Amino acid sequence: MTLDDLWEQFLYHLKVRRRSPATMQYYRHTQSHFRKFIGEIGVEVLPDITTTHLRAFLLRLEERGLAPGSVHAHGRALKALFNWAFAEELIERNPAKRLSLPSLPRERQPTVVPEGFKRLLLASKASEQPLRDTAIILTLFDTGIRLQELIELDTEDLRFDRGLLRVMGKGAKERFVPIGVKAMQAITAYIRRERKPSHLGVHSVFLSRTGMKLTKSGVGIRLAKLGKDKGIAREDCAPHAFRRGFAVEFLRNGGNVFTLQQLMGHTSLDMTRRYVSFLDDDLKEAHLRFSPVDNL
């Protein structure tokens with residue numbers, strides 16, 4: 001079996017498990033880079049690949065200036081591939097067993113903050129489709145749903161009689177996410193007064209100017225344009241920055257991390273913790289409340 005054969009079997013396994021197109025592309029990206037590296041160093045057969053080769057691959061990526069997060073992602077993909085292959089008894093030795101991934105710098109990720117959120121709302125009122133853009137901004141910040149989940153929303157997924165959205169998360173996992181009154185009102189206003197599907201077969205909630213389902217890039221471009229109009233950096237109003245902002249504000253307002261895990265559709269608590277980045281003011285306030293010395 002060749003390395004490419006192993007990759008294809010692994011990718012088929014992921015497809016059967018209904019992994020998202022973005023996840024499939026993520027693994028294919030690593031496959032392409034690793035194939036090129038293996039060819040450069042002259043490793044010809046699969047059994048010859050060692051842990052040293054995997055480490056050298058990650059080091060090569062780092063030397064070429066790839067961001068730490070991207071290097072880490074390639075490492076995770078390789079570990080997933082070889083761990084799966086070993087468990088399936090497709091290889092006799094697992095070269096990823098002793099592969100340690102590089103540590104990631106603990107940098108704060110771009111996050112939508114309340115002040116920026118209000119500025120984006122103001123900008124949306126002057127956009128080409130103000131009701132749609134307002135509804136998108138409110139929905140993202142009020143629910144924390146993923147961008148893919150947003151664009152896949154159909155009108156039948158709006159369960160406003162129960163204050164819920166039905167979303168299909170990663171791995172085609174269904175969950176119901178609470179949505180607040182203001183966001184529901186904004187979506188309702190958009191549907192009644194501005195949403196114009198190109199034909200009766202279009203059931204997506206959020207549409208482009210042509211009346212077809214809005215794309216992921218379409219949402220990103222609109223948010224970037226609104227942010228630019230209000231002097232907000234593109235990364236600080238990106239779709240995933242809304243998801244982080246939701247997580248932070250949910251906890252700030254008294255929510256607990258276990259409930260947050262369910263709302264965000266995470267399979268583990270560790271995944272939820274990655275999204276939460278408190279500001280210095282939060283830490284200072286917590287210290288003022290719980291300082292061991294000052295509370296003596």
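**Group meeting: a walk from R132 outwards**

Let's start with one arginine. If we skip its neighbours within four places in sequence, R132 is in contact with Y190, E194, F206, L207, S208, R209, L214 and R222. This residue sits in helix α6. Buried or exposed, then? R132 counts as buried, because its relative accessibility is 4%, and the cut-off for buried is under 20%. Bear in mind, please, that this is a predicted model.

Okay, zooming out for a second. We have a chain of 296 residues, and 43% of them count as buried. In secondary structure terms, there are 13 helices and three strands. Put a box along the principal axes and the C-alpha atoms fill roughly 70 × 60 × 35 Å. If you take the contacts with a separation of 6 or more, 58% of them come from residues 24 or more positions apart.

Now the inside. The largest nonpolar core has 38 residues, and the ones with the most contacts inside it are F117, I137, L150, F206, V219 and F242. Which elements give two or more residues to this core? That would be α5, α6, α7, β2, α8, α9 and α10. Helix α6 gives the largest share, six residues. That's the helix R132 lies in, by the way.

Have a look at L150 while you're there. Again leaving out neighbours within four places in sequence, L150 is in contact with I136, T139, L140, I145, F206 and V219. F206 should ring a bell, since it was on the R132 list too.

There's also a second, separate core, this one of 28 residues, with V43, L46, I49 and V71 among them.

On to the strands. β2 and β3 run antiparallel, with five bridges joining them. Across that pair, L165 stands opposite V177 in β3. The hairpin has five residues between the strands, and G171 takes a positive phi there, near 70°. What do the side chains do along β3, residues 174-178? They alternate: R175 and V177 point to one face and are buried, whereas E174, F176 and P178 point to the other face and are not.

Last bit, the outside. The chain exposes about 17,300 Å², with carbon and sulfur atoms supplying 53% of that. As for charge, there are 48 positive and 34 negative ones, and their mean positions are 3 Å apart.

That's my tour, over to you.

Terms used: Residues numbered from 1 in each chain as written. Predicted model: local features only at pLDDT ≥ 70, side-chain atom pairs only at ≥ 80, totals over all residues. Heavy atoms only, no water. Core = buried A, V, L, I, M, F, W, Y, C linked by side-chain atoms within 4.5 Å. Buried < 20%, exposed > 50% of the residue type's maximum accessible area, 1.4 Å probe, protein only. Helix = DSSP H or I, 4+ residues; strand = E, 2+ residues; numbered from the N terminus. Contact = heavy atoms within 4.5 Å. Areas by Shrake-Rupley, 256 points an atom, 1.4 Å probe, with all protein chains shown as cover. Lys, Arg positive; Asp, Glu negative; His and termini not counted. Charge placed at Lys NZ, Arg CZ, Asp CG, Glu CD. Pairing = 2+ DSSP bridges.
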